[in-house]
Amino acid sequence: MAERFDKHVLKNGMVILGEPMEAVGSVAFGFMLPAGEALLPDGCCGAGGVIADWIFRGAGDKSSRQLCDALDGLGLHRAGSVGSSHITIGAVLEADNLAQALDLYADIILRAKLDEDQFELARQLAIDGVRALDDDPRQKVMFELRERFYPSPLGRSTAGHIEELESLTAESTRAIIKNNFNLSQTIFAVAGKYDFDAVCQQMEDFDHPQAALEAATRRETRDEGRGTSKYTHINNEGAQVHIGLMTETVTPADEDYYNARVAVSVLSGGMSARLFTEVREKRGLCYAVAARYHGLKSAAGIMCYAGTTPEKGQETLDRVIGEFHRLSEGISEEEIERAKVGLKSSLILQSESSSSRAGAIGGDYYILGRIRSLDEIKSKIEETSVDSVLGFLRNNAFGDFTVVTIGPKCLK
Amino acid sequence: MEFKKKNLANGLNVIGEVNKSAKSAAVGFFVKTGSRDESKEVNGVSHYLEHMLFKGTERLNAFEVNEAFDRTGAQFNAFTSEENTVFFAAVLPEYLVEVTELWIELMRPALRDEDFDIEKNVIKEEIAMYKDLPSFDAMERCRSLHFEAHPCGNSVLGSGESIDNLTAEQMRAYFVRRYAPNNMVLACAGNFDWGQILSIAESSCSKWQKQAAGRKLEACGGSKKKERVEKPNLAREHICLMSAGVPAQDPRRFAASILGTIIGDDVGSRFFWELVDKALAESATMQFGAMDGTGTFSSYIRCSSENVYKVLDIVRGIFSGLSKNGITDDELRKAKNKILSALVIKNELPMGRLIDLGFNWIYLERYRTNRGRHQ
C-alpha cells in the first residue's frame, strides 16, 4: 500500500499533518509549540518544563483534578517533551476518543488557568528534577554534554538550572507562554486511525483567544559559537566514571545526512558495530557503550556515552576516540551492508507505532519543511556505499571532541 | 489473529500468534530460570549465562553471532529477572526464519572459558553501573529485605564477590539443569508462517534432552523490616516499599494490578495527588508484580531529605485509608481504561505482543487475546 500523508493549514497558520495507518486501532497526536528551551529569553533555563507541567494544572472550566480525571477517563497516555525548539504535548489513545481528547488539549493550550499557587508547585518539581540528576550521573552527563557542545542557546539544558528556575515568577512565565504559544508557528501531527477532515474542522472551530493569534514572532536562534571548553570533569564519588562525548556532523537537511547516519551505524548500529566489538566484546571495558546521531535544525553531532570503572576510564576514552578516527581509514562492504539493513529495518519497525509516526512527521516538517516517505528514506539509505561514506568521512573528519566526565577520577 | 501451539515430545512448548497485517514479526525464547533458581554459591549465574549465550556455539564465535543478527537488521536483546530469562528479536518478516534458527542455535552455547573470563569484566561493569543508579540499588535492597531467606530475594546481578568466585564449570552445570526444553517456551508473534517455524523447531530442538528442572514454590508474607542506608554522594532520598501481593496464577491478579494503578500510576493516582501534585515528592509510583507462586506490591518514591517523614506519613495515610474505605467506582473505571488502552497500544507492535504471549504461557499455560483481560 502506498503511503499517504495529509496536510492542511488552518486559518490561523497552524499546520495540521497526518499519516493514516490501516493496521492500528490507536491514534497518536502531538502539538509542537514553539517554546523549546533555545527559544526562551535568557535567564530562565528550565521554564519549558515548568510550563509543560503548569498548563495541565487546570484549564477551561476544569480544575487540575477534573482535567486529569477527564484525560484518564479517556484511557489516554500522555506523551510530552521539552526540546531545544519545541514543547511537544500530545498523547496516544484508542482512536474513538480522539475528538474528546483534542477538546481537552485545546483548553490546555489556549485556556490554561495558570494559577499562582499551582505555578509554585510546578516550579518546585522542576527544581527537584534538576537536583535528582545528581543521583543519575548517566543522564546528567548527557545534559552537561549537550550544553557544552551546541552553540548557545541550542544546547540549553531542558531540565533547567536551579538558580534560573528559582528566579522565575508566575508573571514572567505567563509572559513566555503568551509570546511563545504562537499558533501560526505550531505544528500539529497525528498518526494512526483518524478522520482528517473531522480533525481539521474541529481544530478550525477552536475558539482562539486573540492573544495567541497575535503572539510575537518567535525569536531566531543566535549562534554564539561553540563553547571553548573541550573537556569538563564533574566530581562524583560513584562506582563508575560516566563519559559523554560529542563531535560535530552534518544536519538532517544536508546532502550528506544519510552518509553520516550510515557512518554512525558502522560505529554503533548493532552488536557487530565497531564500538561494541572493540570496547566491550574484545576488551570488556564497558557494559554500556553507544553512539548515536543527534540532530537539531541548525546543528548536529554524533553523541556517545560510555560508562566504566575509574581505573579503566582513560583506556575507554582513548579507545572510543580511536574508533571515531579509525572510521575514515576504511570500512568493509559487509559493515556498510549491515549498517544499511539495520537502519532500514529500524525505520520499518518504528513505522508500526502510531506514536513514532506522529513524532516523525512533525519532526520532518519542522526540520525539512516536508515529510519524507519511508520509500524516500529507504532509497536514500540504499544509495550510500563504501565510497560515499568514506568520501564523506574524509571531507568531514572528526576533529574536535567535546568531552564531559562525571565520576571519582578526572581523565586526560 | 490466530493462535497456534504445539508441545514437542521433549516438553518444549512452541506457541505463536499470527497477524498477517503486521509489517514485522517477533520471536523469542522464554526460559523459566532466574536468580530465585540459584544457590548462594552461584548467585548471578542466570544473568551471566544470558550474556554468555551471545558468545557463540561450537560453530559460531561471538563476533559471528553479532554479525549474524546484524545482517538481518534485527532489533534484539535479552533480559533476566528473578524468575525468567528472555531472549527476543523483532525483524522484518523475510528475516524471521533466519533469526529463529539463530536463536535456536544459541540456546545450545559453547560456554568457552576464554569468553567466560572476558565477559566477567562486562558483568562487573554492569554491577557498577547499577550501583550508580540509587533507584535500582534501593529497590534491590528492599527486595532482599522483604524476601529475606526466600529465594526471590536473590540479586539478579549477583555481587562482585559472587561473580568473582563463579566458575565456568558451575555455569555449565546450571545451564544443563535449567535450559531444558521442558523449561522453555519458543514464541512468535506478528506476520509469519506458523508451519514453517514449527517445522524448524521440530527438526532443530527435538534432540534437546528433557531434565528435571523444577522450582520449589513457597509463599512469602514479607519481613516487614525497615533499613536505612546512607551514602554521602546522594542528593535525594530514594524510598522503596515492598509488601506481599498475590501470585501470577491467582485470579485476583487483575484486581491487584488495578489496585497498583489506583495507588501508584505515574499520573492521576493517589500517590500522584497526595505527593507529586503537591511537590512533596518528584516521583512516587507503585506497581503490582505477579510472580510464580508469590507476588509483590512495590513502591518507589524520590524526595528531599526535609520531606521524608511527611512523605512516609502520607503514604501510611493512603494505605490505611484504602483498608478502611476501599476504592471508588470512579477510580476503578479510570484504572481499567488506562490499563486497557495501554494493552491495546503495546500489543499493536509484534514485539509488545510477543512478551505478553510468552509470559502468559510461562505462568498460566494459557493463551489470552489482547481483549478480555480486565473486562
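These are my notebook entries on the fold of chain A, in a model that is predicted.

**Entry 1: overall build**

I began with the secondary structure and found 16 helices and 11 strands in chain A. I then looked up the extent of the C-alpha trace, which spans about 60 × 55 × 35 Å along its principal axes. For the radius of gyration I noted 22 Å, which agrees with the value near 22 Å that a compact globule of 412 residues would have. On burial, I recorded that 53% of the 412 residues in chain A are buried. I also checked how the contacts are distributed along the chain: of those with a separation of 6 or more, 80% join residues 24 or more positions apart.

**Entry 2: a five-stranded sheet**

Next I traced an open sheet of 5 strands in chain A, which runs in the order β7-β11-β8-β10-β9 and has mixed pairing. The edges are β7 (231-235) and β9 (289-295) of chain A, each of which pairs on one side only. From one strand to the next I noted an average twist of 15°.

Within this sheet I looked more carefully at β8 (residues 241-249) and β10 (residues 300-308) of chain A, which pair in the antiparallel sense over 9 bridges. As a point of register for anyone following on the structure, I wrote down that Glu248(A) stands opposite Gly301(A) in β10(A).

I then asked which strands helix α12 (residues 313-326) of chain A touches where it packs on the sheet. They are β8, β10 and β11 (401-407) of chain A, and the direction of the helix makes about 20° with that of β8(A). Because angles under 35 degrees count as roughly parallel, I entered α12(A) as roughly parallel to β8(A). Helix α11 (residues 274-281) of chain A lies across β9 and β10 of chain A, and runs at about 150° to β9(A).

**Entry 3: a helix pair**

Last, I turned to helix α10 (residues 257-268) and helix α16 (residues 386-395) of chain A, which pack at an angle of about 95° with their axes 9 Å apart. I therefore entered α10(A) and α16(A) as roughly perpendicular to each other. On the side of α10(A), the contact is made by Asn259(A), Ala260(A), Val262(A) and Ala263(A), and on the side of α16(A) by Ser388(A), Val389(A), Phe392(A) and Leu393(A). Sorting the residues of this contact by character, I noted 6 nonpolar and 2 polar, with no charged residue.

Notes:
Residues are numbered from 1 along each chain as its sequence is written. Chains are lettered from A and ligands numbered from 1 in the order in which they are written. This is a predicted model: local features need pLDDT of at least 70, side-chain atom pairs count only at pLDDT 80 or more; totals for chains, interfaces and linings use all residues. Helices (H or I, at least four residues) and strands (E, at least two) are DSSP runs, numbered from the N terminus. The radius of gyration is taken over C-alpha atoms; the globule rule is 2.2 Å times the number of residues to the power 0.38. A residue is buried if 20 or more other C-beta atoms lie within 10 Å of its own, exposed if 12 or fewer, and partly exposed in between; C-beta atoms are placed from the backbone. Two residues are in contact if their C-beta atoms, placed from the backbone, lie within 7 Å. Axes are lines fitted to C-alpha atoms, for helices over the stretch in contact, and angles run from 0 to 180 degrees between N-to-C directions. Angles under 35 degrees count as roughly parallel, over 145 as roughly antiparallel, 65 to 115 as roughly perpendicular and the rest as oblique. Ala, Val, Leu, Ile, Met, Phe, Trp, Tyr, Cys and Pro count as nonpolar, Asp, Glu, Lys and Arg as charged, and the others, Gly among them, as polar. Two strands pair if DSSP finds at least two bridges between them.
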